[in-house]
Amino acid sequence: MDTTVVAIAGDGDDSFRRPLVAHTEEIHPYEEPPSSQRAPLDAAAAQPEQQRKPQRVASLDVFRGFTVAMMILVDDAGGAWPGINHAPWFGVTMADFVMPAFLFIIGVSAAVVFKKMPNKTAATKKAMVRAIKLFILGVILQGGYIHGRHKLMYGVDLDQIRWLGVLQRIAIGYFLAAISEIWLVNNNSVDSPVSFVKKYFMEWIMAMMITVLYVALVFGLYVPNWEFKVKISNPTLSTPISLVEMKTIHCGVRGSLGPPCNAVGLVDRVLLGENHLYKNPVYKRTKECSINSPDYGPLPPNAPDWCLAPFDPEGLLSTLMAAVTCFVGLHFGHVLIHCKNHSQRMLFWLLASTVLTIFAFLLLLLGMPFSKPLYTVSYMLLTAGVSGFLLLLLYYIVDVIHIKKPFILFQWMGMNALIVYVLAACELFPTLIQGFYWRSPENNLVDITESLLQAIFHSKRWGTLAFVLLEIVFWCLVAGFLHMKGVYLKL
């Protein structure tokens, strides 16, 4: 089979570029014998090094593909099913575990990709170029230039462009993790737990420094009163026009974690500017701001002014904390590299995931709530711990007991995760399809298909869910087709 790798930018220097199938990560744990001749779990690890052949860790692709599928599900079905949508401010739902899981697997992959670096300067350049391309792509897709489904238009006022978003957060987290892996890891060999700690000690220090900086700023910065602009219409005029009104939010506090007076929003307003923040923040679904909470809806009587204020859920300070999730992924990747049998890997992953989860609930008891918009330390620990448990489960099922067929769709999607995310989760493909319609814009293939399923199920909610599940299967098959052709699209 002819194999074509479409690579916009590699993961490192050309001298250690991986051939063909190793377009993401490849390790060399062992060669698996036929199932009929399979020895006990760890027996294969005892084979001499020269008898081992490179084998892809399929569970990493499955994990990545499952995460992208969940992104599509919660983004496209969350409006019809508020229960799977993001929590309005405090607490967690299924949707709140998706983005951290993606950051986590990025860290795992970075640990494997950068395990050997003949040229650190070249590796740094490649990581920087990849991060910049991801960031620019994020600005184009999520900065307001593309208006999404149901809006056949494009373009953005540069005075209103949103600088940060999901891909930008991924770019920053990836870059910090990659640079740490390139420059903070020594060349000592690992032959014991002590040598393992010594090899990666500086990375752990880096992660702790980021965490301490985040906590210091969130609880130490003074948040003064602040103003923002809100557009209002005047229906009394013969020709209605939009007016701009200034709203004042009264704060004058430190350490607040509520929507109006937190330091995360302060940093973004000062450094990015009010115009460049997300205009439809998740706290508009809180009880204070929506009569349909936890869904969006009209403002209740006497709603506070901050319900209309902008807030970026992927802001600077929260993104800094989100990058620590990538560092947790690095640790899991290091265990994958240095532990040569299944039992050791699963044991260390189980311990790490358990510790992370326990500390998350301890912080919750001490008064630090779970909050995705703020990306609190407790939220980071909880989601990283759950990601670790998920990786452990998938690794056992897919790579240990070799139950792969039920997960093949996710595996295909994981091999081309970036292109699926861009086309599906960012709604680029459905937006393009909707541009071709019959007589009226709503008569397009996407909307007609969704309406048909809603009619079949006699329910808007169930019809939307069926449409989104069909969309996920479609993209899994597209990714599978690309895999069969040997085409892997990535930055």
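Which side chains meet in a salt bridge at 2.7 Å, N to O? They are those of Arg 162 and Glu 314, as the first legend describes. The model is predicted, so local features need pLDDT of at least 70 and side-chain atom pairs count only at pLDDT 80 or more, whereas totals for chains, interfaces and linings use all residues. Residues are numbered from 1 along each chain as its sequence is written, and side-chain values use heavy atoms, with hydrogens and water left out.

**Close-up 1. The salt bridge between Arg 162 and Glu 314.** A salt bridge is a side-chain nitrogen of Lys or Arg within 4 Å of a carboxyl oxygen of Asp or Glu; the structure holds 6 of them. The side chains of Arg 162 and Glu 314 meet at 2.7 Å, N to O. This pair links distant parts of the chain, 152 residues apart: Arg 162 lies in the loop between α3 and α4, and Glu 314 in the loop between α6 (263–271) and α7 (316–338). Both residues are buried, where buried means under 20% relative accessible area, exposed over 50%, and partly exposed in between (1.4 Å probe, protein chains only).

**Close-up 2. Lys 372 and the salt-bridge network.** Lys 372 also forms a salt bridge with Glu 314, with the closest N and O atoms 3.6 Å apart. Lys 372 is in the loop between α8 (342–365) and α9, so its pairing with Glu 314 ties together parts 58 residues apart in sequence. Both Lys 372 and Glu 314 are buried. Through shared partners, salt bridges join Arg 162, Asp 312, Glu 314 and Lys 372 into one network.

**Close-up 3. The salt bridge between Asp 305 and Lys 247.** The side chains of these two residues meet at 3.8 Å, N to O. Asp 305 is in the loop between α6 and α7 and Lys 247 in strand β4 (residues 241–249), 58 residues apart. Asp 305 counts as partly exposed because its relative accessibility is 32%; Lys 247, at 16%, counts as buried.

**Close-up 4. Helix α3 and its packing.** Helices (H or I, at least four residues) and strands (E, at least two) are DSSP runs, numbered from the N terminus. Helix α3 (residues 120–142) has 23 residues and reaches 32 Å from its first C-alpha to its last. Its buried residues, including Ala 127, Arg 130 and Leu 134, pack against α4 (166–183), α11 (417–425) and α12 (428–434). At the start of α3, a side-chain oxygen of Asn 119 reaches to within 3.1 Å of the backbone nitrogen of Thr 121.

Terms used: The expected span of a helix is 1.5 Å times one less than its number of residues. Contact means heavy atoms within 4.5 Å. A polar contact is a pair of N or O atoms within 3.5 Å; within protein, one must be able to donate a hydrogen and the other to accept it, and residues adjacent in sequence count only if both atoms are side-chain atoms.
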